[in-house]
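I set out to record which residues touch one another here and which are covered. My notes follow the order in which I looked things up.

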Amino acid sequence: MNHTDQIFEAAQEAIDQWGEEGQEKLAIGEIGELIELFGKQVQGRADSDQWADEIADVYILLPTLILLHTDKSKVEDRVLHKLERLERMLESKNGTVDTHD
C-alpha cells in the first residue's frame, strides 16, 4: 500500500470514528493554522520545521475533504487539468493563460 492509499484509509477511519462534522472542524482548524503561519512568516517568526508540520497536517486532511465533498477521480481529473494549464503558462511567451477554468 502506498502512502496515498494509507492516508485515504486513515481518513475514512477518522470519519467513521469521529464523524463528518468533527473531521470538518479539524480540517478548518488545521487550514487556519497553515494560514496563520503565513502571517508569522511575514514577521520572520516561521521556520522550516513549522512549515513542514503545518503542511503535513493539511496534506493528511485533504483526503478527508475529498471523501466528504467529492470523489477522488474527480479531484485527480481536476489536478491533471490544472497541471496542464500550469505547463501551458510556463511555456507561454508572456507567462499568462486564462485561469478561469
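Which residues does Ile-31 touch, not counting residues up to four places away in sequence? I find contacts with Val-58 and Leu-65 under that condition. I note at the outset that this is a predicted model.

**Entry 1: Ile-31.** I located Ile-31 in helix H1. I then looked up the separation of Ile-31 and Val-58: they lie 27 residues apart in sequence, and their C-alpha atoms are 6.1 Å apart in space. The relative accessible area of Ile-31 is 33%, so I entered this residue as partly exposed.

**Entry 2: the nonpolar core.** I next asked which residues make up the largest nonpolar core. I listed five in all: Leu-34, Leu-37, Ala-46, Trp-51 and Val-58. The elements giving two or more residues to this core are helix H1, residues 3–42, and helix H2, residues 48–69. For Leu-34, I set aside residues up to four places away in sequence and recorded contacts with Trp-51, Glu-54, Ile-55 and Val-58.

**Entry 3: Glu-54.** The contact of Leu-34 with Glu-54 led me to this acidic residue. I placed Glu-54 in helix H2. Is Glu-54 buried or exposed? I recorded Glu-54 as buried, and I found no salt bridge for it. The nearest side chain of opposite charge belongs to Lys-40, at 7.0 Å; a salt bridge would require a side-chain nitrogen within 4 Å of a carboxyl oxygen. Not counting residues up to four places away in sequence, Glu-54 touches Glu-30, Glu-33, Leu-34 and Leu-37. Two of these contacts, Leu-34 and Leu-37, I had already entered as core residues.

**Entry 4: Gln-23.** I turned to another polar residue, Gln-23, and placed it in helix H1. Its relative accessibility is 5%, and I therefore noted Gln-23 as buried. Leaving aside neighbours within four places in sequence, I listed Ala-14, Ile-15, Trp-18, Leu-61 and Thr-64 as the residues in contact with Gln-23.

**Entry 5: the surface patch.** Finally I asked which residues make a nonpolar surface patch of about 470 Å². I recorded Val-79, Leu-80, Leu-83, Leu-86 and Leu-90. I checked one of them, Leu-86, and found it in helix H3, which spans residues 72–91. Why does Leu-86 count as partly exposed? Its relative accessibility is 40%, and partly exposed covers the range between under 20% for buried and over 50% for exposed.

Conventions. Residues numbered from 1 in each chain as written. Predicted model: local features only at pLDDT ≥ 70, side-chain atom pairs only at ≥ 80, totals over all residues. Heavy atoms only, no water. Core = buried A, V, L, I, M, F, W, Y, C linked by side-chain atoms within 4.5 Å. Buried < 20%, exposed > 50% of the residue type's maximum accessible area, 1.4 Å probe, protein only. Helix = DSSP H or I, 4+ residues; strand = E, 2+ residues; numbered from the N terminus. Contact = heavy atoms within 4.5 Å. Lys, Arg positive; Asp, Glu negative; His and termini not counted. Patch = residues over 30% accessible without salt bridge, like charges linked within 9 Å, V, L, I, M, F, W, Y side chains within 5 Å. Areas by Shrake-Rupley, 256 points an atom, 1.4 Å probe, with all protein chains shown as cover.
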